[in-house]
Amino acid sequence: MEKKTIAIIAVIAVAIVAIAAAAVTMGGGEKSKDYVYYYGNGGTLGGETTYQSTSTVCEENDLFTREDYICTGYNTKADGSGTAYSEGANVMLGTKLYAQWKVDDESYLSVGTQNKHPDKYNLYWEPPRRPPSTSMGAESWPPIL
């Protein structure tokens, strides 16, 4: 082969590689329209934070788990400002859904979890106060130390 032919083949090969790389880079954020994409949004599913389904019925709220939280449904925006979907709702393929969470109040009331989220609960114990007068039985109350 002549040098000119080899140079043309090399240029074509480089162009093909560049076009393929550009297609991968540009298409990296695109999702297939063959699935509904679920994002844990802080929750996990067997260690994974995403899940894809071919079903057009919204998955159950317990798909993802998150300690001390309850999944209340899904939304097209992670911050909940998009379209909300509840369990069993119809979903179009290609939709991205983010789990929505609320604090599990019961988990905070169990022993040992009160200090996990001090911004949510400020639990403390206050002793009973003495009645203001003896007519309410103040003499039967223990003395204030």
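Modeller: A charge sits over a ring if NZ of Lys or CZ of Arg is within 6 Å of the ring centre and within 35 degrees of the ring normal. Keep that in mind for the first case. The model above is predicted.

Biologist: Where does the charged end of Arg66 sit?

Modeller: The charged end of Arg66 lies over the ring of Tyr69, at 4.0 Å from the ring's centre. Tyr69 also has a place in the sheet: Tyr69 stands opposite Val103, a residue of strand 5.

Biologist: How is the sheet arranged, and how many strands does it have?

Modeller: Begin with the elements along the chain. The protein has two helices and five strands, and along the sequence they follow the pattern α-β-β-β-β-β-α. In space, the five strands form an open sheet with the order 2-1-5-3-4 and mixed pairing.

Biologist: Which strands stand at the edges?

Modeller: Strand 2 and strand 4 (84-85) do, and each has a single partner strand, so one side of each is left without a neighbour in the sheet.

Biologist: In which sense do strand 3 and strand 5 pair, parallel or antiparallel?

Modeller: Strand 3, residues 69-75, and strand 5, residues 96-103, are antiparallel and share six bridges. Strand 1 and strand 5, by contrast, run in the parallel sense, with three bridges. Tyr98 shows both pairings at one residue. Tyr98 in strand 5 is the bridge partner of Tyr39, and Tyr98 is also the bridge partner of Asn75.

Biologist: Where do the side chains of a regular strand go?

Modeller: In a regular strand they alternate between the two faces of the sheet. Next, the rings.

Biologist: How many aromatic pairs does a search of the whole structure find?

Modeller: Four aromatic pairs turn up. To name the geometry of a pair, look at the angle between the ring planes: over 60 degrees counts as edge-to-face, and under 30 degrees as stacked. For Tyr35 and Tyr37 the ring centres are 6.1 Å apart and the planes meet at 65 degrees, so this pair is edge-to-face.

Biologist: Is Tyr37 buried or exposed?

Modeller: Buried means under 20% relative accessible area. Tyr37 has 6%, so Tyr37 is buried. Tyr35, at 28% relative accessibility, is partly exposed.

Biologist: What kind of pair do Tyr38 and Tyr51 form?

Modeller: Tyr38 and Tyr51 are a tilted pair, 6.0 Å from centre to centre with 45 degrees between the planes. Tyr38 belongs to strand 1 (residues 36-39) and Tyr51 to strand 2 (residues 50-53), so the pair ties together parts that are 13 residues apart in sequence. Tyr38 is buried, at 0% relative accessibility, while Tyr51 is partly exposed, at 30%. Tyr38 and Tyr51 also join Tyr74 in one aromatic cluster.

Biologist: What share of the 145 residues in the protein is buried?

Modeller: Buried residues are 23% of the 145. The protein exposes about 10600 Å², and carbon and sulfur atoms supply 57% of that area. For contacts, consider those between residues at least 6 apart in sequence: 49% of them join residues at least 24 apart.

Biologist: What is the mean pLDDT of the protein?

Modeller: pLDDT is the predictor's confidence in each residue, from 0 to 100. Here the mean is 74, and 57% of the residues reach 70 or more. Residues 23-28 have a pLDDT below 50, and in the model this stretch has zero contacts beyond near neighbours in sequence.

Note on methods. Residues numbered from 1 in each chain as written. Predicted model: local features only at pLDDT ≥ 70, side-chain atom pairs only at ≥ 80, totals over all residues. Heavy atoms only, no water. Phe/Tyr/Trp six-rings, centres within 6.5 Å; stacked < 30°, edge-to-face > 60°. Buried < 20%, exposed > 50% of the residue type's maximum accessible area, 1.4 Å probe, protein only. Helix = DSSP H or I, 4+ residues; strand = E, 2+ residues; numbered from the N terminus. Contact = heavy atoms within 4.5 Å. Pairing = 2+ DSSP bridges. Areas by Shrake-Rupley, 256 points an atom, 1.4 Å probe, with all protein chains shown as cover.
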